[in-house]
Amino acid sequence: MAATDHLLFVLAVSLSVAAVSAHNITGILDGFPEYSLYNSYLSQTKVCDEINSRSTVTSLVLTNGAMSSLVSNLSLADIKNALRLLTLLDYYDTKKLHSLHDGSELTTTLYQTTGDASGNMGHVNITNLRGGKVGFASAAPGSQFQATYTKSVKQEPYNLSVLEVSDPITFPGLFNSPSAASTNLTALLEKAGCKQFAHLIVSSGVIKMYQAAMDKGLTLFAPTDDAFHAKDLPDLSKLTSVDQVKVLQYHALPQYAPKASLKTIKGNIQTLASTGAGKYDLSVIARGDDVSIDTGVDESRVASTVLDDTPTVIHTMDSVLLPPELFGGAPSPAPAPAPEGSAPAPSPKTAGKKKKKSKSPSHSPPAPPADTPEMSPVDAPDAEGAADKADVKKKNGATAVATSFAATVASAALFAASFL
């Protein structure tokens with residue numbers, strides 16, 4: 001008992017520690033109106049979900065004035081990359097900034113994790129400058145320390161630190177993200193290795209549904225060409241045109257959900273094919289950095305992100321998503337119950353001989369005489385057969401007695417249970 005109590009105590013402490021380590025960057029910044037514009041773009045671009053998914057992170061925030069200068073001529077996709085470059089994947093507070101080893105340090109940012117950064121362009125150089133200032137610059141050669149540390153805003157020791165800086169961190173090429181508005185969707189899918197999917201959405205007309213949703217919010221799960229060549233994939237050409245459209249609508253969400261945001265979604269997600277009855281929904285399974293989509297029939301891993309332009313994101317998938325409404329299969333029918341009073345299997349001695357029907361195992365009729373016209377010579381009982389029949393009759397009688405006794409016991413048990 002003591003061991004059990006100790007285990008429960010350890011579990012409770014672990015859960016409390018986990019709860020403390022979780023953070024909410026937008027909730028923290030809600031208490032600081034001078035960062036309201038920065039906070040608003042964290043939510044619009046979903047960078048807040050990427051920050052909250054990290055156990056150790058430092059967010060470099062900009063005042064409303066500095067943020068206004070940054071966003072004036074940028075798309076949401078470019079703003080998202082700027083916010084990612086301002087998010088350091090390590091813990092820095094005032095003390096640590098002023099005590100850097102050799103006065104300088106190179107650290108990784110969220111932008112480096114996207115795969116869009118060439119070389120070390122997703123790293124930031126932190127350096128102690130003259131006059132006690134701390135500067136931040138891109139790792140690109142020749143970058144200037146335009147951003148400097150201003151003040152500490154909020155710390156959750158060794159998990160989350162929020163620091164104010166004077167200016168954004170940029171480098172040439174940071175703001176060259178593809179835009180959904182200027183992107184040829186089919187060309188983008190073909191370039192990403194999803195030619196078959198691109199052909200299907202064009203031939204079915206579903207591409208128009210996707211394009212209509214892109215302005216309000218669209219997350220597209222595009223299966224690769226290899227996914228369409230899987231051996232266990234059902235023949236989609238056998239579906240009706242209506243069902244083919246349903247399958248393609250099933251590959252899209254009417255909301256903006258980049259990979260980090262998918263990890264935070266609980267329960268079922270509605271797709272463009274979903275109905276009020278809760279059909280054609282999906283769910284997400286997150287395992288560390290891997291994210292998979294569960295249809296109820298199969299799972300498909302999110303392989304890569306080929307476009308992330310708020311409010312549109314396109315993911316490639318390892319397999320085709322199969323809705324259970326079309327591919328779930330009917331459950332196997334239960335076996336039919338054996339007819340009541342069926343005769344027992346014949347004994348080994350009589351297995352090779354023709355057996356006449358009996359009305360009841362416990363009331364077998366006497367064996368017919370040998371000269372009965374209806375019987376063929378092979379059915380005529382010999383001495384050994386007569387002995388076998390007598391033996392079977394005894395066994396049947398014993399079986400009937402045992403069955404009757406078991407039924408009596410069962411009835412008594414049910415009667416007694418009714419008083420409990």
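## Exercises on a predicted protein model

In the hairpin formed by β11 and β12, where 2 residues lie between the strands, glycine 288 adopts a positive phi near 65°. Strands here are DSSP runs of E with at least two residues, while helices are DSSP runs of H or I with at least four residues, and both are numbered from the N terminus. This is a predicted model, in which local features need pLDDT of at least 70, side-chain atom pairs count only at pLDDT 80 or more, and totals for chains, interfaces and linings use all residues. Residues are numbered from 1 along each chain as its sequence is written, and side-chain values use heavy atoms, with hydrogens and water left out.

### Exercise 1: Two hairpins

Describe how strand β12 is joined to β11 and to β13, and follow serine 292 from one pairing to the other.

**Solution.** Begin with the rule that two strands pair if DSSP finds at least two bridges between them. Strand β11 (residues 281–287) and strand β12 (residues 290–294) run antiparallel and are joined by 5 bridges. Next, β12 is also joined to strand β13 (residues 299–309), again in the antiparallel sense, by 3 bridges. Serine 292 is the bridge partner of isoleucine 285, and serine 292 also stands opposite arginine 301 in β13. Finally, look at the turn between β12 and β13: this hairpin has 4 residues between its strands, and glycine 296 in the turn has a positive phi of about 100°.

### Exercise 2: A sheet and one of its residues

Find the order of the strands in the open sheet of 7 strands, and then decide whether threonine 148 is buried or exposed.

**Solution.** The order of the open sheet is β2-β1-β7-β6-β5-β4-β3, and its pairing is mixed. The edge strands are β2 (87–88) and β3 (104–108), each of which pairs on one side only.

Within this order, take β6 and the strands it pairs with. Strand β5 (residues 134–138) pairs with strand β6 (residues 147–156) in the antiparallel sense over 2 bridges, and in that pairing glycine 135 stands opposite threonine 148. Strand β6 is also joined to strand β7 (residues 160–165) by 6 bridges, and the two run antiparallel; here lysine 151 stands opposite glutamate 164. The hairpin of β6 and β7 has 3 residues between the strands, and tyrosine 158 takes a positive phi near 70°.

Now turn to burial, where buried means under 20% relative accessible area, exposed over 50%, and partly exposed in between, with a 1.4 Å probe and protein chains only. Threonine 148 counts as buried because its relative accessibility is 16%. Contact means heavy atoms within 4.5 Å, and, leaving aside residues up to four places away in sequence, threonine 148 touches Leu129, Val134, Gly135, Phe136, Glu164, Val165 and Ser166.

### Exercise 3: Two helices that cross

Work out how helix α9 is placed against helix α10, and which residues make the contact.

**Solution.** Two packed helices are described by the angle between their axes and the distance between the axes. Axes are lines fitted to C-alpha atoms, for helices over the stretch in contact, and angles run from 0 to 180 degrees between N-to-C directions. The axes of α9 (residues 195–204) and α10 (residues 206–213) come within 5 Å and cross at roughly 95°. That makes α9 roughly perpendicular to α10, a description used for 65 to 115 degrees, with angles under 35 roughly parallel, over 145 roughly antiparallel and the rest oblique.

Phe197, Ile201, Val202 and Ser204 of α9 make the contact with Val206, Ile207 and Tyr210 of α10. Phenylalanine 197, with a relative accessibility of 1%, counts as buried. The C-alpha atom of phenylalanine 197 is separated by 6.6 Å from that of proline 223, although the two are 26 residues apart along the chain.

### Exercise 4: A covered helix

How many residues of helix α6 are buried, and which elements do they pack against?

**Solution.** In helix α6 (residues 76–85), 9 of its 10 residues are buried, so the helix is mostly covered. Among the buried residues are Ala77, Ile79, Leu83 and Leu85. The buried residues of α6 pack against α3 (36–45), α4 (47–52), α5 (64–71), β2, β4 (123–128) and β13. For the protein chain of 420 residues, buried residues make up 37%.
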